[in-house]
Amino acid sequence: MITKTILGITVLFCLCLTPFAAAADPLEDSFDLRRRQMVEEQLKPRGIKDQRVLAAMLKVKRHLFVPPGLRYAAYDDRPLPIGEGQTISQPAVVALMTELMELKGTERVLEIGTGSGYQAAVLGELAKQVYTIEIVEPLAKRSAKLLQELNYRNIRVKTGDGFLGWPEFAPYDAIIVTCAPDKVPPPLLEQLAEGGRLVIPVGTFWQELKLVRKTRGKITESAIIPVRFVPMTRAK
Ligand SMILES: C[S@@+](CC[C@H](N)C(=O)[O-])C[C@H]1O[C@@H](n2cnc3c(N)ncnc32)[C@H](O)[C@@H]1O
């Protein structure tokens, strides 16, 4: 009798809790769906094939990296403003540049232009260690805080002029630049490891996305596609 009563209470307790424990957040569900659609309808048709890149793009919650008032558009096929006159790049461009870095999971990588921290989070899923530099201090601070809240322990953010790279942790197996200089910054070539890949938009108004490789000390460049990024600015 006592057992029955205890069991009865237990069952009742479970029944009461279940609807709350299992209740899904409809907004999060709709973002999950839109993220899947982004991968299927924007990334795969544009030729992104690296399964690790596709998985990272599916996992990282892009809506957390855009201003709250623009979350509804977080998975649209376009760049979005993130404040301070800067932007978060179009998802397909993030995926393409990431794929060009050929990451397997063991690499030390450098990003120039942290912005919202979204690209850094994608890299954090795919490389061993990520170093990222942002010249606009409020953006660097905001993304460092968000990446910490999201528990990315393999990402270090600093405020600074990325033209100079981050010599302290060089060499890097891969470097990605998400703002456009008018020429490839020599310090980034110096800080690229042997066999390394540098993905960078180069030019003024319209730029060429370039893949630069260092092989046995020799630099080779290939042009990928025309792109439009914010300019690389220099510290005064
Ligand atoms: C297109 S946004 C970056 C998008 C970013 N990767 C993201 O995922 O949100 C380019 C960023 O480069 C930054 N930037 C411009 N010149 C820079 C420099 N010399 N060093 C570091 N960051 C720079 C801008 O302030 C801007 O935040």
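So, the face of α3 turned away from its buried side: what's out there are the exposed residues Q51 and K59. Before I go on, keep in mind that this is a predicted model.

Now flip to the other side of α3. The buried residues there are V53, L54, A56 and M57. Looking down the axis of α3, those buried residues fall within an arc of 160 degrees, so they line one face of the helix. If you want the reason behind that kind of spacing, an α-helix has 3.6 residues a turn, so residues three or four places apart point the same way. And what does the buried side of α3 pack against? Three helices: α2, α4 and α5.

One detail at the start of α3. The N-terminal end is capped by D50, with a side-chain oxygen 2.9 Å from the backbone nitrogen of R52.

Okay, α2 next. This helix runs over residues 26-43, which is 18 residues. At 1.5 Å a residue you'd expect a span of 26 Å, and the end C-alpha atoms of α2 sit 25 Å apart, which agrees. Which residues of α2 are buried? They are F31, R35, M38, V39, Q42 and L43. Yes, there's an arginine in that list, R35. The cover over the buried residues of α2 includes α3 at 51-59, α4 at 91-100 and α5 at 118-126.

On to the rings. The count of aromatic pairs comes to seven. One of them is F65 with Y118, an edge-to-face pair, 5.7 Å centre to centre with 65 degrees between the planes. That pair links distant parts of the chain: F65 is in the loop between α3 and β1, Y118 is in helix α5, and the two are 53 residues apart. Buried or exposed, these two? F65 has a relative accessible area of 5%, under the 20% cut-off, so F65 is buried. Y118 comes in at 1%, so Y118 counts as buried as well.

Another pair is W166 with F169: the ring centres are 5.5 Å apart and the planes are at 70 degrees, over the 60 needed, so this is edge-to-face. W166 is buried at 4% relative accessible area, and F169 is buried at 14%. Ring pairs also tie W166 and F169 into a cluster with Y131 and Y172.

Rings and charges, quickly. Back at Y118, the charged end of R62 sits over the ring, 4.9 Å from the centre. Elsewhere, R234 lies over the face of F163, at 3.9 Å from the ring centre.

Last stop is T132, which you'll find in strand β4, residues 129-134. Its relative accessibility is 0%, so T132 counts as buried. What does T132 touch, leaving aside residues up to four places away in sequence? The contacts are E111, T114, A120, I155, R156, V157, K158 and W166. So W166, from the ring cluster, turns up again as a neighbour of T132. With T114 there's also a polar contact, side chain to side chain, at 2.7 Å. And for a sense of the spacing here, T132 and Q119 are 13 residues apart in sequence, with their C-alpha atoms 9.6 Å apart in space.

That's my tour, over to you.

Conventions
Residues numbered from 1 in each chain as written. Predicted model: local features only at pLDDT ≥ 70, side-chain atom pairs only at ≥ 80, totals over all residues. Heavy atoms only, no water. Helix = DSSP H or I, 4+ residues; strand = E, 2+ residues; numbered from the N terminus. Expected span 1.5 Å × (residues − 1). Buried < 20%, exposed > 50% of the residue type's maximum accessible area, 1.4 Å probe, protein only. Contact = heavy atoms within 4.5 Å. Phe/Tyr/Trp six-rings, centres within 6.5 Å; stacked < 30°, edge-to-face > 60°. Lys NZ or Arg CZ within 6 Å of the ring centre and 35° of its normal. Arc of directions from axis to C-beta. Polar contact = N/O pair within 3.5 Å; in protein donor to acceptor, adjacent residues only side chain to side chain.
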